[in-house]
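Me: I've got a model open and I'd like a close look at one part of it. Could you walk me through the disulfide and whatever sits around it?

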Amino acid sequence: MRLALALAVALGVLSGCAFFMPVDTLRPRAAFDLKCPEGQLQFTELSGDCGKKLGNEYRCTIGVQGCGQQATYVHVPKSDWIMNSTGNSATPR
């Protein structure tokens, strides 16, 4: 009985949660900033806990490369992405 109750509670908690992948919200922004199609962008987690927290409260930094350019974005908890550096990639197109 206790096991069934614990399982029901665990399933109820998990069903109300959805893991959030931050790259999904960064992809269109980076494509616009770098003037590069989304399909040509590469994302690298540089620091933080990207995708490991629920909702919009994670804190992380992601590097984006594409079309001969690169940029670094920082996510502000409960807000949006902020580009904090940009430059040419080490490998030209």
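Reply: Here's a walk through the disulfide, starting with the chain as a whole and then working outward from the sulfur atoms.

Keep in mind that this is a predicted model. The mean pLDDT of the protein chain is 74, with 60% of its residues at 70 or more. Residues 4-20 are the stretch to watch: the pLDDT there is below 50, and beyond near neighbours in sequence this stretch has nine contacts in the model. Where pLDDT is low, the predicted coordinates should not be read in detail.

As for the layout, the protein chain has two helices and four strands, and from the N terminus on they come in the order α-α-β-β-β-β. Of the 93 residues in the protein chain, 27% are buried. If you take contacts between residues at least 6 apart in sequence, 34% of them join residues at least 24 apart.

Now the part you asked about. How many disulfides does the count come to? One disulfide, and it joins Cys36 to Cys67, with the S to S distance at 2.1 Å. The two cysteines come from distant parts of the chain, 31 residues apart: Cys36 sits in the loop between helix 2 (23-34) and strand 1 (42-48), while Cys67 belongs to the loop between strand 2 and strand 3. The torsion about the S-S bond of Cys36 and Cys67 is about 75°, so this disulfide is right-handed. Are the two cysteines buried or exposed? Both Cys36 and Cys67 are buried. For Cys67 the relative accessible area is 18%, and the cut-off for buried is under 20%, so Cys67 counts as buried.

The backbone at Cys67 deserves a look too. Cys67 has a positive phi of about 55° although it is not a glycine. The setting is a hairpin: strand 2 and strand 3 have two residues between them, and Cys67 takes its positive phi there. Strand 2 (residues 60-66) and strand 3 (residues 69-75) run antiparallel and are joined by six bridges. Gly66 stands opposite Gln69 in strand 3.

On the other side of the disulfide, check Lys35, in the loop between helix 2 and strand 1. Lys35 also has a positive phi, near 50°, in a residue other than glycine. Its accessibility is another matter: Lys35 has 72% relative accessibility, so it counts as exposed.

Follow strand 3 away from the turn and you get to Thr72. Thr72 has 18% relative accessibility, so it counts as buried. Leaving out residues up to four places away in sequence, Thr72 touches Leu46, Thr61, Ile62, Gly63, Ile82, Met83, Asn84 and Ser85.

Ile62 brings us to the largest nonpolar core, which has 16 residues; Leu26, Leu41, Ile62, Val64, Tyr73 and Trp81 touch the most other members. Helix 2, strand 2 and strand 3 are the elements that give two or more residues to this core, and helix 2 gives the most, with five residues. As background, nonpolar side chains in soluble globular proteins tend to be buried together.

Trp81 also has a polar partner. The side chain of Thr25 makes a polar contact with the side chain of Trp81, at 2.9 Å. Thr25 lies in helix 2 and is partly exposed, with a relative accessible area of 36%. For a sense of the spacing around there, Thr25 and Asp80 are 55 residues apart in sequence, yet their C-alpha atoms are 8.6 Å apart in space.

One last stop is Lys78, in the loop between strand 3 and strand 4 (81-88). Lys78 is exposed, with a relative accessible area of 63%. Lys78 and Arg59 are 19 residues apart in sequence, with 9.2 Å from C-alpha to C-alpha.

To pull the disulfide back together: Cys36 and Cys67 are both buried, their link is right-handed, and Cys67 carries its positive phi in the hairpin of strand 2 and strand 3.

How values were computed
Residues are numbered from 1 along each chain as its sequence is written. This is a predicted model: local features need pLDDT of at least 70, side-chain atom pairs count only at pLDDT 80 or more; totals for chains, interfaces and linings use all residues. Side-chain values use heavy atoms; hydrogens and water are left out. Two strands pair if DSSP finds at least two bridges between them. A disulfide is a pair of cysteine sulfur atoms within 2.5 Å. Buried means under 20% relative accessible area, exposed over 50%, partly exposed in between (1.4 Å probe, protein chains only). A polar contact is a pair of N or O atoms within 3.5 Å; within protein, one must be able to donate a hydrogen and the other to accept it, and residues adjacent in sequence count only if both atoms are side-chain atoms. A nonpolar core is a set of buried Ala, Val, Leu, Ile, Met, Phe, Trp, Tyr and Cys residues joined through side-chain atoms within 4.5 Å. pLDDT is the predictor's confidence in each residue, from 0 to 100. Contact means heavy atoms within 4.5 Å.
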